[in-house]
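I opened my notebook to look around one protein model, a piece at a time. Here is what I looked up, in the order I came to it.

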Amino acid sequence: MTFLETDGPVNNTNIRTHDFPFPSIPRILAAKARSSRTSDFLAALKRLRYDVLPLAETSEAALSSAQTGPPELVFMDIHLPGRVTAFEAALAIRSQPEVPVVFLCERGEADQIPATSLFMPFGYLEMPAVDTDIARMVETALHAANLQKRARIAEQVRDQVEESYHLLADNVNDVIFTLDMDLNYTYISPSIKTQRGYDCWEVVGKPIQQMVTPDSLIKIFPLFAEEMQLEASGQADPNRSKSMEVELYRKDGETIWVESKFSFLRDENQRPVGVIGVNRDITERKKIITQLQESEEKFRALAEACPFAIMIYQNDYWVYVNPAAEYISGYSREELYQMQFWVIVHPDFQPLVRQRGKQRQAGQQAPPAYDFKIINKTGNDVWVSLSGGILTYEGKPAGLITVIDINERKKAEADLRESEEKYRTILESIEDGYYEVDIAGNLTFYNDMLCRISGYTREEIAKANYHQYMDAENAAKILSTFRGVFETKIPARACVFKLIQKDGLFRYLEVSVSLIEDASGQPAGFRGIIRDINDRVLAEEQKSKLETQLQHAQKMEAIGTLAGGVAHDFNNILQGINGYTQLLLLKKTADHPDYPKLLQIQQAGDRAARLIDQLLTFSRKMEGHRRSLYLNHEIRQAEQILKQTVPRMIHIELDLEDGLWPVHADPIHIEQILLNLGSNAADAMPDGGRLTIETANTLIDNAYCKNHLGAAPGEYVMLMVSDTGCGMDPNTVTHIFDPFFTTKGVGKGTGLGLASVYGIVKSHGGYITCYTEPGKGTAFKIYFPAISQPAEILKPVSPEPALPAGSETILVVDDEVAIREAAAEMLSYFGYSVISAENGEDALHIYRERSGDIDLVVMDLSMPGMGGYQCLNEILAVNPRARIIISSGYATQGNAREAMQYGAAGFIGKPYQLSDLIMRVRAVLDK
């Protein structure tokens with residue numbers, strides 16, 4: 001036989017929930033990565049006078065802080081870094097310290113929060129938030145958490161009251177006991193010591209009256225008597241058990257409440273012989289129930305005093321509203337209780353609100369939070385923010401919502417959107433890049449112009465660090481600028497650096513930097529303008545380069561003028577030396593003792609004449625005899641000479657393009673270029689190497705000419721002579737074309753080789769460049785203008801005839817006495833009659849008096865006083881058929897052509913050989 005319950009079913013509605021009062025200042029933990037926005041949020045919490053715990057910057061730090069000193073509320077960023085996600089950390093905090101968690105997110109990110117992670121409807125706060133939103137969320141979350149605790153504890157109490165415990169499965173901390181039929185203890189488990197302070201022997205044998213309070217005995221004895229009556233009737237279930245709550249004494253005189261589960265011990269005939277039971281300590285539970293009952297009124301008072309509306313609707317009607325709902329809507333409670341819940345909603349939002357309300361009333365989940373408009377009693381539109389959930393009200397599903405007036409917030413948001421739109425429009429319309437970076441240099445904001453300048457997309461540079469887009473030198477420069485602004489708080493202007501674009505090229509930019517400070521005045525990052533100055537810098541570099549080239553060209557022009565003047569004067573001196581030497585040799589036989597000495601003088605004069613030729617070539621005063629020719633042919637001719645002159649350990653290679661365009665050039669000058677460059681290359685390769693001569697047809701465009709002063713666009717034939725020698729340093733390269741500049745030892749070079757090459761190229765309208773580095777060889781590139789005229793075929797040269805004599809009268813005009821006398825003696829030696837004049841005025845006077853006797857005039861072009869051209873014109877005015885040969889130290893074809901245009905019959909360059917003079921005189925006289 002077992003006991004039956006006698007107290008009747010437990011009435012859940014009579015159970016009072018425990019009130020968990022808020023601390024005077026709620027302790028709040030913020031779990032969020034450190035930033036200016038985080039600092040703003042913390043500052044807002046402090047302004048609201050909450051007790052703010054130290055910031056937790058990772059999920060691990062948040063868990064640790066919540067465990068060691070549990071706060072009353074945790075704000076957690078949904079992007080919180082750490083080994084576990086923000087949602088996993090929130091679950092752990094809510095399950096262990098049982099602390100409510102409100103998620104922080106950016107606007108529009110709320111849908112990223114799983115519904116299962118929210119501890120309450122609208123359990124999130126969109127950032128940035130104003131103080132009133134933060135305060136309302138704190139109070140709502142704390143209230144919701146307490147409601148949840150109250151419901152959970154009430155449910156636990158109910159479960160503990162209704163659950164049937166199996167004796168053998170009870171916790172070992174519970175006390176197992178047996179009684180005889182007189183209700184004297186016959187056994188007590190050792191856990192009595194822990195539960196009530198007694199040893200087992202102190203309890204066994206004592207009647208139950210000594211262990212139970214009088215109030216509990218009043219319940220026990222009637223129950224025992226009733227159970228015995230049921231046993232006697234034979235109608236009771238022998239397997240039944242009984243549970244009741246009793247108050248027992250502790251050894252120290254205090255009492256505890258236990259839940260006692262017991263049944264009869266039976267003999268083999270199923271007759272009761274005693275009682276077996278288990279006592280579980282429920283003292284704390286009883287305290288909680290008492291506290292819950294006491295707190296129910298406190299929560300009601302809180303709802304009544306809450307600044308935001310708390311409303312419950314069921315069967316489409318309001319069943320509870322607090323005073324704040326009256327204030328927001330303008331209707332009294334009595335009026336609201338007569339309304340269906342959607343009536344006060346603005347018509348534009350009624351379908352949405354009504355649908356979601358229906359879902360909650362049916363016990364279904366609906367979006368927990370959203371904004372909409374209501375129409376208050378005065379007919380005005382009011383924006384409100386709703387947080388909704390499901391609850392059981394009087395045993396049936398109902399909808400619970402909290403409503404906040406957000407009219408001011410909506411206005412602020414509209415103003416903010418307008419301000420942001422203006423700000424963005426300005427940033428996107430300017431021609432400069434705008435940027436903002438945090439203290440570490442990571443991009444946090446930028447406009448599209450920055451993307452266009454760099455070539456990267458917004459996605460590629462989002463949150464990137466500036467170090468990624470510049471080399472170490474420029475990164476150090478920017479870091480130094482940032483550090484200076486950080487330390488002084490003074491903005492920096494016009495810092496120039498080079499950015500690495502997406503295509504890998506460098507781009508010159510100009511950046512300004514100013515400091516960003518948070519609400520507390522602490523440095524939070526940097527902002528500024530980035531201006532593209534690449535074209536300006538490149539233009540300045542090009543200008544500097546062109547100025548250098550121009551200075552070099554002007555220097556070369558000045559040196560050329562000087563060299564031409566020196567050559568002219570030297571020519572006049574040399575003409576006398578060579579002329580008299582040739583006359584003396586004509587008058588002496590080979591066995592004369594002075595003959596060898598005169599030969600030495602003549603050879604020295606010839607060498608001096610060649611030196612003058614080089615000077616004239618550099619100064620472009622000697623054009624030579626040009627014709628249409630193919631460079632490849634001249635190169636193969638010069639190759640034979642080079643093979644005989646350069647050391648054998650130097651290998652000569654030819655890489656000549658087929659179908660080369662013809663050029664207008666003097667073959668002697670081309671040979672001179674190749675021999676001079678080949679000689680220099682051989683000197684640069686004393687231990688052997690490779691000398692390469694290449695040709696190619698090429699085009700020079702405007703872009704090339706912009707960076708190479710002296711070059712002109714067009715079609716060219718490129719001649720390149722390169723070696724694998726020692727190369728040259730930059731300082732040497734700047735002087736290689738200067739006359740008399742040489743790196744060779746004393747007596748090993750005149751320094752006119754490359755100068756004459758430069759002069760030849762320039763006189764041909766070409767362009768020359770030199771590419772060299774120490775230890776990496778040298779390459780000269782020469783560009784000759786291409787022509788369409790095919791190359792001329794040369795006729796075989798006939799052997800020179802014997803020098804002819806004559807008997808005509810010749811007027812020799814020259815301001816140099818030695819030249820005048822030497823020419824007169826040369827001509828007299830071959831039978832001519834000679835008249836001399838030392839300037840143009842004397843020559844004109846003589847010719848006017850003896851024009852009928854004078855057959856030919858040999859006249860210097862450059863004389864003081866009346867110049868050669870003027871004298872030529874005056875003589876031709878006297879006798880248009882006068883035959884005149886012009887002589888000049890500037891022996892250029894230009895002078896020759898000009899003289900012929902003026903009416904001269906011939907031209908001879910100084911210093912001239914005796915044979916040249918005699919043959920030229922005879923040719924003009926025989927015309």
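**Entry 1: one strand, two partners**

I began with Gly433 and looked up its bridge partner in E20, which is Ile530. I kept in mind from the start that this is a predicted model. Gly433 belongs to strand E16, residues 433–438. E16 is joined to strand E20 (residues 523–532) by six bridges, and the two run antiparallel.

Then I asked myself: which residue in E20 is the bridge partner of Val511? I found Ile530 once more. Val511 sits in strand E19, which covers residues 506–517. E19 and E20 also run antiparallel, with seven bridges joining them. I followed the chain through the hairpin of E19 and E20 and counted five residues between the strands. In that hairpin, Gly521 has a positive phi near 85°.

**Entry 2: a sheet with parallel pairing**

Next I moved to an open sheet of five strands. I wrote down its order as E2-E1-E3-E4-E5, and noted that the pairing is parallel. Why is one side of E2 and of E5 left without a neighbour in the sheet? Strand E2 (51–52) and strand E5 (124–127) stand at the edges and have a single partner strand each, so one side of each stays free of a neighbour.

I looked at one of these pairings in detail. Strand E1, residues 27–31, pairs with E2 over two bridges in the parallel sense. Across from Ile28 I found Val52 in E2. I added a reminder for myself: side chains in a regular strand alternate between the two faces of the sheet.

**Entry 3: Asp77**

I stayed with this sheet and picked Asp77, which lies in strand E3 (residues 73–77). Is Asp77 buried or exposed? Its relative accessibility is 11%, and the cut-off for buried is under 20%, so Asp77 counts as buried. I then followed its side chain, which reaches the backbone nitrogen of His79 at 2.9 Å. Leaving out residues up to four places away in sequence, I listed what Asp77 touches: Ala31, Lys32, Ala86 and Leu104. One of these, Ala31, is part of strand E1 (residues 27–31).

**Entry 4: Val757**

My next stop was Val757 in helix H21, residues 753–763. Val757 has a relative accessible area of 0%, so I put it down as buried. Which residues does it touch, not counting those up to four places away in sequence? I noted Ile673, Asn676, Ile768 and Ile782. Asn676 and Val757 are 81 residues apart along the chain, yet their C-alpha atoms are separated by 7.4 Å.

**Entry 5: two helices crossing**

I then looked up how helix H22 (residues 817–829) packs with helix H26 (residues 914–925). Their axes are 11 Å apart, at an angle of about 65°. The crossing of H22 past H26 is right-handed. On the H22 side, the contact is made by Ala823, Met826 and Leu827. On the H26 side, Leu914, Leu917, Ile918 and Val921 take part. I sorted the residues of this contact and got seven nonpolar, no polar and no charged.

**Entry 6: the whole protein**

Last, I stepped back for the totals. I noted 26 helices and 32 strands in the protein. Of its 927 residues, 46% are buried. I also looked at contacts between residues at least 6 apart in sequence, and 62% of them join residues at least 24 apart.

Terms used: Residues are numbered from 1 along each chain as its sequence is written. This is a predicted model: local features need pLDDT of at least 70, side-chain atom pairs count only at pLDDT 80 or more; totals for chains, interfaces and linings use all residues. Side-chain values use heavy atoms; hydrogens and water are left out. Two strands pair if DSSP finds at least two bridges between them. Helices (H or I, at least four residues) and strands (E, at least two) are DSSP runs, numbered from the N terminus. Axes are lines fitted to C-alpha atoms, for helices over the stretch in contact, and angles run from 0 to 180 degrees between N-to-C directions. A crossing is left-handed if the near helix is turned anticlockwise from the far one by less than a right angle, and right-handed if clockwise. Contact means heavy atoms within 4.5 Å. Ala, Val, Leu, Ile, Met, Phe, Trp, Tyr, Cys and Pro count as nonpolar, Asp, Glu, Lys and Arg as charged, and the others, Gly among them, as polar. Buried means under 20% relative accessible area, exposed over 50%, partly exposed in between (1.4 Å probe, protein chains only). A polar contact is a pair of N or O atoms within 3.5 Å; within protein, one must be able to donate a hydrogen and the other to accept it, and residues adjacent in sequence count only if both atoms are side-chain atoms.
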